[in-house]
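Me: I'd like a close look at the empty space in this one, with the spots that line it. Take me through it in one go, please.

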Amino acid sequence: MTHHTPASISCAFDSGNIVVHSITAQATGGWRAELSIRKDRESDFFQWFHFRVAGQPGDMLELVITGLKDSAYPGGWPGYRACVSEDRDFWGRAETSYDEAAGALTIRHQLISSLAWFAYFAPYSMERHHDLVAEIASRPGVLHRELGQSLEGQPIDCLQMGHGPVQVWLYGRQHPGESMAEWWMEGALEKLTDPADPHARLLREACTLHIVPNMNPDGSCRGHLRTNVAGVNLNREWHAPTAERSPEVLCVLNAMDQSGVHWAMDVHGDEAIPAVFIAGFEGIPGWTDDQGVRYNRFRDLLASRTPDFQTRQGYPKAPAGKANLAMSTNQIANRFTASHGCVAMTLEMPFKDNNDLPDAEQGWSPERSKLLAHDCMAVLAQMVAEAG
């Protein structure tokens, strides 16, 4: 088969990340590319990829990403299927296999048009972030605040709404490659600003809500998995953030200190576990049984509300007094125990699929992330109503 136009692979765009080692024509037609993932700047973390392939309609692509035994979470690759889109709107899953011995992920896809984008999860671009912030900030009753700036000067946006005494903080994307977190934020913001939504009306009446959709814009734009531009994992900075290493955390924590925190949710994605779950703050020095009861109540209500959430799989709990206070939910729950009885939780969504309710076409997806946010807000409304 004669190829008039060789396939081309590029990643020089927002959140792009791939290294191209070779592209070769196959005797059977199509193209085989050998690729690897660039590490986060100033860090050894790598797992996120996002790139474009240009070819011809009908071309069969075999994309082999090598070196994955040294990736941040090698357990994330078995059972994983890469995300693929030809219109950058709908993201499906490509045929994917992982050779554990070789540390190589092979993605196979036949081009329908002449372009396809591949990513570790459906990307959430900084342009979409700015569109989201502009749209929500223009809605009645919403106050936009720029809490500070990232190391590279990008704004840390916070959208505030409601006028009640219960202080709620929702924040995500400390780890920039966990793009499902900002899809969740989009869903939460759409629900919370819907004038007809009864859960949103209750929350806006009873609470003041502070929503930070993206805490790591530099890492997001650079195609990082886990760190900011200085190679710092923001979710290990909450005990002592600094303007030099982690201004993104410092400005958010300062704002939390001003408002106080009754409820907090830090939104993430997990590479290895094919399920949705939450992690709590067991092991904080200031732990109270009342906090534990309310945390468990939230978890159980969410499990009863949506089949996309479960309580069997998750992270091990820290023993009493052994919580890592450098992590945000532990720090915040402990920091605001005495003053606010704070319940803080980390929500984890899968990069793979939810094996309890699998979707062969999309796996876990932006659409499911947004719907999960709707359910989380409905449960929070019930918890707030029960507390009176």
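Reply: Starting with the largest pocket, its lining splits into 13 nonpolar, 14 polar and ten charged residues (Ala, Val, Leu, Ile, Met, Phe, Trp, Tyr, Cys and Pro count as nonpolar, Asp, Glu, Lys and Arg as charged, the others, Gly among them, as polar). A pocket here is an open set of points on a 1 Å grid over the protein atoms alone, where a 1.4 Å probe fits, with protein on both sides within 12 Å along at least five of seven lines; a cavity is a set the probe cannot get out of, and lining residues have an atom within 4 Å of a point. Bear in mind that this is a predicted model: local features need pLDDT of at least 70, side-chain atom pairs count only at pLDDT 80 or more, and totals for chains, interfaces and linings use all residues. Numbering runs from 1 along each chain as its sequence is written, and side-chain values use heavy atoms, leaving out hydrogens and water.

That pocket holds about 660 Å³ (the space filled by probe spheres set on points joined across faces, edges and corners). Of its 37 lining residues, F277, A279, G280, Y315 and P316 sit nearest the centre. At least two lining residues each come from β15, β16 (277-279), α6 (289-305), α7 (328-335) and β17 (343-350) (DSSP runs numbered from the N terminus, helices being H or I with at least four residues, strands E with at least two).

Next comes the second largest pocket, at about 370 Å³. It has 16 lining residues, with R88, W91, P123, R128 and W183 closest to its centre. Helices α2 (180-192) and α9 each give two or more of the lining residues, and α9 contributes the most, three. By class that's six nonpolar, three polar and seven charged.

Helix α2 also carries E182. E182 counts as buried because its relative accessibility is 0% (buried is under 20% relative accessible area with a 1.4 Å probe, protein chains only). Skipping neighbours within four places in sequence, E182 contacts Y124, H129, R173, P213 and N214 (heavy atoms within 4.5 Å).

As for closed space, the whole structure has one cavity of 30 Å³ or more. The largest cavity encloses about 50 Å³, and V168, L170, W263, A264, M265, F298, M345, M377 and L380 line it. That lining is nine nonpolar residues, with no polar and no charged ones. β13 (166-172), β15 (263-270) and α9 (366-387) each supply at least two of them, and β15 has the largest share, three residues.

Technical notes
Buried < 20%, exposed > 50% of the residue type's maximum accessible area, 1.4 Å probe, protein only.
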